[in-house]
Amino acid sequence: MSDEQTELDDDRAPGEGDHDTDVITGIRGYAIGFLLAASLSVASFYAAGSGVIYGPAIPVALIALAIGQMGVHLVFFLHVTSGPDNTNNVLALAFGVLIVALVLVGSIWIMAHLNHNLMGAEMVMGTQR
């Protein structure tokens, strides 16, 4: 094999490759992806529910974990790589990051405004003094 072919073989996502690969290799790739995705989900719930992370930093931690989980899904389940035949992958990833950011920031913004607008009358009077 040439050096160029070896470099192309190294730039493959788990599960992507020749059609003559064995089933065990494919299952192993999906199992690794599942374990990574499940651990990132558990880490998200732990970050939100425990007092380990400083309160205002929790949204940033959740955004970072969400981006990491998107990467795991793209690589292990959708087989998105940076190979020459996948030219739109960076745009798809950037669009996914944009959508996650919009949903998270928009949700936090809406919840903050609802919290302010649904305060009791005594709290509203206390903030005006």
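Does alanine 61 count as buried or exposed, and at what relative accessibility? Alanine 61 counts as buried, because its relative accessibility is 18%, below the 20% limit for that class. The legends that follow describe this residue and its surroundings in a predicted model.

**Figure 1. Overview of the predicted chain and its helices.** The secondary structure comprises 5 helices and 0 strands, and along the sequence the pattern reads α-α-α-α-α. Of the 129 residues in the chain, 17% are buried. The accessible surface amounts to about 9,600 Å², and carbon and sulfur atoms account for 69% of that surface. Among contacts with a separation of 6 or more, 67% join residues that lie 24 or more positions apart.

**Figure 2. Close-up of helix H3, residues 58–77.** Helix H3 contains 20 residues. From the first C-alpha to the last, H3 reaches 27 Å, close to the 28 Å expected at 1.5 Å a residue. The buried residues of this helix are Ile58, Ala61, Leu65, Gln69, Met70, Val72, Leu74 and Phe76. The cover over these buried residues includes helix H2 (23–49) and helix H4. An α-helix has 3.6 residues a turn, so residues three or four places apart point the same way. After H3 comes histidine 79, whose phi is positive, near 55 degrees.

**Figure 3. Alanine 61 and alanine 43.** Alanine 61 belongs to helix H3. Its C-alpha atom is separated by 9.6 Å from that of alanine 43, and the two residues are 18 residues apart along the chain.

**Figure 4. Surroundings of glutamine 69 in helix H3.** Glutamine 69 counts as buried because its relative accessibility is 19%, under the 20% cut-off. When neighbours within four places in sequence are left aside, glutamine 69 is in contact with Ala37, Leu40 and Ser41.

**Figure 5. Glycine 71 of helix H3 and leucine 93.** Glycine 71 has a relative accessible area of 23% and is therefore partly exposed, since that class lies between 20% and 50%. Between the C-alpha atoms of glycine 71 and leucine 93 the distance in space is 8.0 Å, and the two are 22 residues apart in sequence.

**Figure 6. The largest nonpolar core.** This core has 6 residues, namely Ala37, Leu40, Ala47, Leu65, Val72 and Phe76. The elements that contribute two or more residues to the core are H2 and H3. One of the core residues is valine 72. With neighbours within four places in sequence left aside, valine 72 is in contact with Gly33, Leu36, Ala37, Leu40 and Phe77. Ala37 and Leu40 are also among the contacts of glutamine 69.

**Figure 7. A nonpolar patch on the surface.** The patch is formed by Phe95, Leu98, Ile99, Leu102 and Val103, which together have about 480 Å² of accessible area. Leucine 102, one of these residues, is found in helix H4, which spans residues 89–117. Leucine 102 counts as exposed because its relative accessibility is 53%, over the 50% limit for that class.

How values were computed: Residues numbered from 1 in each chain as written. Predicted model: local features only at pLDDT ≥ 70, side-chain atom pairs only at ≥ 80, totals over all residues. Heavy atoms only, no water. Helix = DSSP H or I, 4+ residues; strand = E, 2+ residues; numbered from the N terminus. Buried < 20%, exposed > 50% of the residue type's maximum accessible area, 1.4 Å probe, protein only. Contact = heavy atoms within 4.5 Å. Patch = residues over 30% accessible without salt bridge, like charges linked within 9 Å, V, L, I, M, F, W, Y side chains within 5 Å. Areas by Shrake-Rupley, 256 points an atom, 1.4 Å probe, with all protein chains shown as cover. Salt bridge = Lys/Arg side-chain N within 4 Å of Asp/Glu carboxyl O. Expected span 1.5 Å × (residues − 1). Core = buried A, V, L, I, M, F, W, Y, C linked by side-chain atoms within 4.5 Å.
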